[in-house]
Amino acid sequence: MATASGGDKGPAAAAPPPQLESFLAIGLDQRTAENALANRKVTANLTAVIAEAGVTRCDKSVGNLLYTVATKYPANALVHRPDLIKYILSEKIKSSAQLDAALSFLSTLGPDSLDPVKFEEACGVGIVVSFEEIQSTVTDVLNENMEAIVEQRYRINVGSLCGQVRKRQPWGDAKSVKEEIEKRLVEILGPKTEADNAKPMKKKKEKPAKVEEEKTVSAPPSEEELNPYSIFPQPEENFKVHTEIFFSDGNIWRAHNSKSILEKHLEVTGGKVMTRFPPEPNGYLHIGHAKAMFIDFGLAKERNGHCYLRFDDTNPEAEKKEYIDHIQEIVTWMGWEPYKVTYTSDYFQDLYELAICLIQKGLAYVDHQTPEEIKEYREKKMNSPWRDRPIEESLKLFEDMRHGLIAEGKATLRMKQDMQNDNKNMADLIAYRIKFTPHPHAGDKWFIYPSYDYAHCLVDSLENITHSLCTLEFDIRRPSYYWLLVALGQYQPYVWEYSRLNISNNVMSKRKLNRLVTDKWVDGWDDPRLLTLAGLRRRGVSSTAINSFIRGMGITRSDNSLIRMERLEYHIREELNTVAPRALVVLHPLKVVITNLDYGTIISLDAKMWPNAPDSDASAHYKVPFSRTLYIEQSDFRLKDSKDFYGLAPGKSVLLRHAFPIKCTDVIYGDNPDSIVEIRAEYDSSKATKPKGVLHWVAEPSPGVEPLKIEVRLFEKLFLSENPAELEDWLGDLNPQSKEVIKGAYAVPSLANAVLGDKFQFERLGYFSVDSDSTPEALVFNRTVTLKDSYGKAGPK
């Protein structure tokens with residue numbers, strides 16, 4: 001960097017910040033130094049490295065190595081960083097190749113004791129590669145690549161040649177290697193010609209010839225696609241730094257398990273993976289919880305470990321036994337088996353004792369600020385006036401809180417974290433608050449209850465959870481999670497956040513779901529329009545279809561992604577297509593009289609339950625009566641025909657599914673020309689007619705007897721907008737047409753025996769499931785999902 005000297009040349013330039021000066025003094029260029037200063041983590045690490053080195057100025061080569069240490073050093077081996085810096089300053093490690101080898105060695109070693117002999121051997125300390133040895137190795141590499149060199153001339157990949165030399169001489173000077181290769185290429189090829197200097201012409205990619213029989217071979221699936229849990233480390237690897245906790249005073253806590261703590265944990269668990277699914281029992285579970293279950297239970301199952309079902313019951317005012325019972329039942333329905341069912345309240349005594357320990361360490365205090373004052377002080381980054389009260393005073397007041405001697409809202413226990421921190425989740429979070437409310441599980445023993453921020457990480461540790469998995473909105477809470485575990489010297493689980501599941505045209509927050517239910521915008525927590533698991537089940541969706549949908553999305557960290565409802569419907573439809581037998585149902589019946597079929601004649605026909613069922617398999621067929629009076633969909637008849645309409649019209653023929661062709665011969669009107677009450681038609685018993693249109697239908701099972709009448713409920717998307725959660729007036733976006741109830745639908749007789757849980761494909765209408773409102777005398781069917789739209793807009797709804 002150039003510096004001015006001499007007389008008064010005008011206003012003096014502003015002096016650079018002290019940290020920038022120290023970065024430049026070790027030989028970093030201006031841009032690298034400024035970039036380091038712009039990154040809080042790099043700034044803190046580089047400042048610490050310079051301080052450990054004890055230098056104020058050094059050669060650029062040494063400074064660049066120190067910068068690499070600051071940016072790439074493995075945090076789990078910080079205890080050895082001063083040793084590495086000594087090797088750099090003494091120039092025992094003086095190349096980037098040696099430093100890369102050192103960092104790799106230390107990353108594997110972690111906090112264990114350093115063996116200098118093995119370390120120096122791994123890093124090439126003391127090995128001197130002479131220039132003659134470099135020349136000899138370059139000669140060998142060039143000879144092996146001579147054919148390519150002659151063909152490609154100066155377009156040969158020099159980097160690849162350097163890499164081949166480095167494999168044989170890893171400690172050779174990289175600059176000397178490159179210069180020697182470039183020099184030798186000139187000797188072999190001579191001066192560059194005009195053709196060497198010309199830009200290479202880009203060749204157009206030739207389109208491969210189409211081969212009719214050849215099928216496209218897709219790329220093999222990745223390991224993560226085959227096993228989505230492969231991204232998670234093993235329990236014995238949990239010694240690395242989980243996260244770095246930055247404090248406003250420049251201090252850094254690097255959270256990781258010591259060797260002794262990890263060994264104790266592994267001894268208790270036997271090295272097994274231990275996860276937990278920790279719902280709060282304040283509502284019904286939704287499809288987002290299905291993703292959490294898939295990850296928590298699925299990882300434990302894949303690794304032959306265990307997963308707790310833990311009720312996070314720290315708020316006695318919100319929990320209900322109804323919700324606890326529902327959660328336990330729905331977890332089983334989803335196909336998961338908990339290792340144990342536990343409650344955060346099981347650990348209230350442990351948590352209380354740890355809180356006392358935290359106060360004794362000077363890391364918690366009893367505070368009397370109101371919620372409004374706490375919010376104001378956090379925004380202003382100001383300490384509470386009670387933050388520095390004596391430890392004994394806080395212990396006495398906390399004991400009074402415990403015994404109900406302080407009124408609700410008059411005191412809280414707060415963790416003494418960092419009020420000046422940019423991360424608001426480090427601003428002295430509340431650990432305990434007073435509530436004179438009996439607890440559904442713990443009874444009336446407690447007058448104080450722990451907060452989520454205090455209890456969650458500690459119960460994870462007490463249960464020896466190996467992988468604490470949660471959604472990305474908790475990422476900002478990670479520093480406070482580890483702050484508490486480090487402060488109390490507790491075992492630290494491995495934390496990993498994944499993307500929250502958001503599906504279009506619905507809401508997923510419990511608060512909004514509760515509003516919909518309590519204000520009766522929907523028909524309860526199991527309304528089939530909701531994406532609660534109870535609602536999906538009632539709609540006819542299976543747990544296997546839900547898990548297939550979750551698995552298809554993968555376990556990703558990409559946030560703010562909105563999954564279209566159609567993607568879920570695809571997985572539902574794929575399963576139902578293989579398990580739902582076919583049946584004939586008419587939603588909006590229009591009477592058709594077959595005039596050339598004698599009154600009283602009933603023809604019993606065989607209809608296939610499955611499209612590919614062999615004709616010889618009687619068990620794959622059901623009986624359908626064909627009689628003089630039958631019914632088709634009102635939308636399948638028009639007075640005026642058109643080319644794009646495949647339904648029935650005057651003088652036109654259609655094929656009745658599983659039956660005969662019929663031709664419309666007459667139309668009977670009601671009181672006005674727009675009211676059609678009956679169609680007259682003739683059927684072709686020989687089936688010689690080959691019409692294009694195929695209709696579903698239902699006939700009278702015997703003369704004058706009405707077909708089986710059922711109620712059918714059709715569901716559309718609950719909200720009109722794709723992302724109603726973003727709207728201020730989200731309730732105003734509710735779809736008024738999201739539910740249609742059809743009381744007078746007709747069905748074939750075989751459906752009379754349907755029971756709760758049975759699923760069918762009503763041909764041309766969609767997939768349907770028997771609803772819980774059904775009785776033997778009055779069946780109710782919910783449409784689970786529509787068929788693929790292959791019948792055009794003119795088809796039935």
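The following exchange concerns the overall form of a predicted protein chain and one of its sheets.

Modeller: Local features need pLDDT of at least 70 and side-chain atom pairs 80 or more, while totals for chains, interfaces and linings use all residues. Residues are numbered from 1 along each chain as its sequence is written, and side-chain values use heavy atoms, without hydrogens and water.

Biologist: What is the radius of gyration of the protein chain, and why is the chain called more spread out than a compact globule?

Modeller: The radius is taken over C-alpha atoms, and the globule rule is 2.2 Å times the number of residues to the power 0.38. For 797 residues the rule gives 28 Å, and the chain is well over that, so it is more spread out than a compact globule; its radius of gyration is 37 Å.

Biologist: What percentage of the residues count as buried?

Modeller: Buried means under 20% relative accessible area, with a 1.4 Å probe and protein chains only. Of the 797 residues, the buried share is 49%.

Biologist: Which strands stand at the edges of the sheet of 7 strands?

Modeller: Strands are DSSP runs of E, at least two residues, numbered from the N terminus, and two of them pair if DSSP finds at least two bridges between them. The open sheet has mixed pairing and the order S23-S20-S21-S22-S16-S19-S24. Each edge strand has a single partner, so one side is left without a neighbour in the sheet; the two are S23 (694-695) and S24 (698-699).

Biologist: Which residue in S22 is the bridge partner of Val593?

Modeller: Strand S16 (residues 589-594) runs parallel to S22 (residues 676-683), joined by 3 bridges. In S22, the partner of Val593 is Arg680.

Definitions and conventions:
Buried means under 20% relative accessible area, exposed over 50%, partly exposed in between (1.4 Å probe, protein chains only). Helices (H or I, at least four residues) and strands (E, at least two) are DSSP runs, numbered from the N terminus.
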